[in-house]
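Trainee: Could we go through this model together? I would like to learn how its parts pack.

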Amino acid sequence: PYGADLFAYVIRELRAPHPLSEWQPVNLADPAQRPFVLMLALLIVTLPFSRLLRREWWWAALIGGLAVVAVRQQRHTPLFALCAAAPLADQCDAALTWCAARTRFRLSAAATGLLAFAVAAFGLVQLLLAGGRLARERGALVYDAGEYPVGAVRELAARGLHGNLALPLDWGGYALWHLAPAIAVSLDGRFATVYPPPVVADGFAFFAADRGPAAARLLDAYPTTLALIPRGTPTALDARPEWHLLYTDEIAALYGRDADSVPARSIAPRGRLPFP
């Protein structure tokens, strides 16, 4: 739908600040980011032994660009890993060959066999664990009920409610799947490709800890009739008498504007549930 402006959109998105962890720079203190840091460091250290990148300059340019964007935004680290895997293997092999030609160090046949066995065993364990999980779940797609407002969404569907629902970004797609078209959400995973920047900003401001002037815009500037709040999260609803609690559990609280219903209380579903 953007036409030629698609390229400008990509550039704007890469340069614009986003209040999402995946768009933040790589955090060295995060254990999940250490494989990327190790891979990048190893690629740089073994760069003098590169054979592939010397022949394919475009591959070198691609990896360099991806390294920059991956450091700036965590979400691009998998793309870097995919593109850098083959050159890194080439460089490590060349480095080992160089070392073997200049030293007497050699792995014995027994040591080589032990390493091969360890790699095969590691792969087998991964296959067994994955197979066991698929067997337990009977091949179905599952999700952790504690990460989504399962009970509140079921309550919305059971009551047959219609309206515009304010909710966090992480819950938007789940609510749309189960409640559309009766319910429209304030934000979902399509993010900037669908929602204008002011709408995105107002959605984040509503759930932010800072209770500034923008915190209530999601209620006042839009025809918001329902709100789904993570349990214990303070919002601008706290000072609004026209908003009433409709449902609550350990995960989420559901509010309605000018609603007279007696609030329902329930225990949130637990465990891994089949999708959808």
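Trainee: In which hand does α4 pass α5, left-handed or right-handed?

Mentor: Happy to help! This is a predicted model, in which local features need pLDDT of at least 70, side-chain atom pairs count only at pLDDT 80 or more, and totals for chains, interfaces and linings use all residues. Residues are numbered from 1 along each chain as its sequence is written, and side-chain values use heavy atoms, leaving out hydrogens and water. Helices are DSSP runs of H or I with at least four residues, and strands are E runs of at least two, numbered from the N terminus. A crossing is left-handed if the near helix is turned anticlockwise from the far one by less than a right angle, and right-handed if clockwise; for α4 and α5 it is left-handed.

Trainee: How many residues of the contact of α4 with α5 are charged?

Mentor: Contact means heavy atoms within 4.5 Å. On the α4 side are Trp59, Leu62, Ile63, Leu66, Ala67 and Ala70, and they meet α5 residues including Phe80 and Pro87. The contact divides into twelve nonpolar residues (Ala, Val, Leu, Ile, Met, Phe, Trp, Tyr, Cys or Pro), one polar and, as for charged, none.

Trainee: Which element gives the most to the largest nonpolar core?

Mentor: Such a core joins buried (under 20% relative accessible area, 1.4 Å probe, protein chains only) Ala, Val, Leu, Ile, Met, Phe, Trp, Tyr and Cys residues through side-chain atoms within 4.5 Å. The largest has 32 residues, with Leu165 among those having the most contacts inside it. Elements including α7, β4 and β6 each supply at least two residues, but the top contributor, with five residues, is α8.

How values were computed: Buried means under 20% relative accessible area, exposed over 50%, partly exposed in between (1.4 Å probe, protein chains only).
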